[in-house]
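The following exercises are to be worked with the sequence and the coordinates at hand. Each task is followed by a solution in steps.

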Amino acid sequence: MPKVPTLYSALTTGEEANNPAIYAENSNAFVLEKNDIIDIVVNNNDTGKHPFHLHGHNFQTIVRSDDDAGNYVANETFPTVPMRRDTFMVRPNGNIVLRFRADNPDKSRPSPFPYHSPSHKHSANTHSRIWLFHCHIEWHVATGLGAHMMDAPTSLQNGGLTIPQNHYDACAKQNVPIAGNAAGNTKDLLDLKGANKPPPPLPEGFTARGIVALVFSILSAFAGTGVIAWYGAGEIGTKTPSKETKNAVAAVETEEDK
């Protein structure tokens with residue numbers, strides 16, 4: 001995660017808010033011009049299914065492949081009336097293409113959120129233009145399977161969005177900076193030294209520690225199997241009962257005879 005929430009970076013970085021580099025490489029930020037028509041191509045090079053969700057927009061699904069169709073090739077015939085969704089599944093080793101207009105929020109457009117009450121009015125003051133596009137499997141999100149779609153971020157700086165004070169208070173309580181780039185730098189916005197980094201990729205093959213752990217695991221398994229075999233093959237021994245035990249048994253037998 002960036003040290004500064006992406007929305008606050010967009011609000012405090014002037015014209016550089018239009019530069020995806022300030023949000024750090026791992027934020028996967030895409031800066032969009034207002035009212036642009038955007039196509040998102042998702043190529044799934046994985047054997048699992050992934051339900052992708054886009055906040056703030058209902059996209060059109062203009063391409064959806066079958067399993068094992070490979071990467072998208074731009075020779076498809078688009079449907080006349082595409083399905084409209086906010087979440088869609090990409091098939092294993094397949095692809096999807098999602099299309100939307102970068103127009104949220106916009107005072108002139110109807111609400112894309114029908115679950116709000118009729119009295120709720122959408123305006124540039126009620127929603128940000130920083131929208132998350134992500135897989136809807138939660139641990140996939142936690143490991144980075146997401147991107148930011150940023151609708152005209154510099155327009156937020158001109159009174160287009162008001163942040164409630166209690167949001168800033170929450171950041172203060174957690175020592176989260178609220179200005180600057182992804183590293184919290186407010187002077188040189190292209191300087192991302194100190195930004196959070198993801199864990200390094202898993203190494204290919206075995207490391208030295210992995211080899212040692214594997215060897216000792218195998219030895220432990222053989223030793224454990226040997227002990228179980230030795231124990232199971234042994235004779236079942238008998239134990240001579242003590243005098244007290246014999247007397248107790250005799251007393252019970254006598255009582256039963258009565």
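**Exercise 1. A salt bridge between two loops**

Does Arg 91 count as buried, partly exposed or exposed, and what is its relative accessibility? Identify its salt-bridge partner as well.

Solution. The model is predicted.

Step 1. The relative accessibility of Arg 91 is 28%. Buried means under 20% and exposed means over 50%, so Arg 91 counts as partly exposed.

Step 2. The side chain of Arg 91 meets that of Asp 67 in a salt bridge, with an N to O distance of 2.8 Å.

Step 3. This pair links distant parts of the chain: Asp 67 lies in the loop between β4 and β5, Arg 91 in the loop between β6 and β7, and they are 24 residues apart.

Step 4. Asp 67 also has to be classified. Its relative accessibility is 38%, so Asp 67 counts as partly exposed.

**Exercise 2. A salt bridge between two strands**

How many salt bridges are there by the rule applied here? Describe the one that involves Arg 99.

Solution.

Step 1. The count comes to 2 salt bridges.

Step 2. Arg 99 and Asp 39 meet through their side chains in a salt bridge of 2.7 Å, N to O.

Step 3. Arg 99 belongs to strand β7 and Asp 39 to strand β2; with their positions 60 residues apart, the pair links distant parts of the chain.

Step 4. The relative accessible area of Arg 99 is 24%, so this residue is partly exposed. Asp 39, at 38% relative accessibility, counts as partly exposed.

**Exercise 3. The sheet of 4 strands**

In what order do the 4 strands of the antiparallel open sheet lie? Follow the pairing of β4 on both sides.

Solution.

Step 1. The order is β2-β7-β4-β5, and the pairing is antiparallel.

Step 2. The edge strands are β2 (37-43) and β5, each of which pairs on one side only. From one strand to the next, the twist averages 35°.

Step 3. Strand β4 (residues 59-64) is joined to β5 (residues 83-85) by 3 bridges. Within this pairing, Thr 61 has Met 83 as its bridge partner.

Step 4. β4 also pairs with β7 (residues 95-101), over 4 bridges in the antiparallel sense. Here the bridge partner of Arg 64 is Ile 96, and Val 63 stands opposite Val 97.

**Exercise 4. The surroundings of Thr 61**

Is Thr 61 buried or exposed? List the residues that it touches beyond four places in sequence.

Solution.

Step 1. Thr 61 is found in strand β4.

Step 2. Its relative accessible area is 5%; because the cut-off for buried is under 20%, Thr 61 is buried.

Step 3. Leaving out residues up to four places away in sequence, Thr 61 touches Pro 79, Pro 82, Met 83, Arg 85, Phe 88, Val 97 and Leu 98. Among these, Met 83 is also its bridge partner in β5.

**Exercise 5. The sheet of 5 strands**

Which strands stand at the edges of the open sheet of 5 strands?

Solution.

Step 1. The sheet has the order β1-β9-β8-β3-β6, with mixed pairing.

Step 2. The edges are β1 (29-32) and β6; each has a single partner strand, so one side of each is left without a neighbour in the sheet. The twist averages 20° from one strand to the next.

Step 3. Inside this order, β8 and β9 pair in the antiparallel sense over 5 bridges. His 134 stands opposite Gly 146 in β9.

**Exercise 6. The nonpolar cores**

How many residues has the largest nonpolar core, and which have the most contacts inside it?

Solution.

Step 1. In soluble globular proteins, nonpolar side chains tend to be buried together.

Step 2. The largest nonpolar core has 18 residues, and those with the most contacts inside it are Ile 40, Val 42, Leu 98, Phe 100, Phe 133 and Met 149.

Step 3. At least two residues of this core come from each of β2, β3 (50-54), β6 (87-90), β7, β8 (130-135) and β9 (146-151).

Step 4. Apart from this core lies another, of 16 residues, including Met 150, Leu 156, Leu 161 and Leu 189.

Step 5. Beyond its neighbours within four places in sequence, Val 42 is in contact with Phe 52, Val 90, Gly 94, Asn 95, Ile 96 and Phe 133.

Definitions and conventions
Residues are numbered from 1 along each chain as its sequence is written. This is a predicted model: local features need pLDDT of at least 70, side-chain atom pairs count only at pLDDT 80 or more; totals for chains, interfaces and linings use all residues. Side-chain values use heavy atoms; hydrogens and water are left out. Two strands pair if DSSP finds at least two bridges between them. Axes are lines fitted to C-alpha atoms, for helices over the stretch in contact, and angles run from 0 to 180 degrees between N-to-C directions. Buried means under 20% relative accessible area, exposed over 50%, partly exposed in between (1.4 Å probe, protein chains only). Contact means heavy atoms within 4.5 Å. A nonpolar core is a set of buried Ala, Val, Leu, Ile, Met, Phe, Trp, Tyr and Cys residues joined through side-chain atoms within 4.5 Å. A salt bridge is a side-chain nitrogen of Lys or Arg within 4 Å of a carboxyl oxygen of Asp or Glu.
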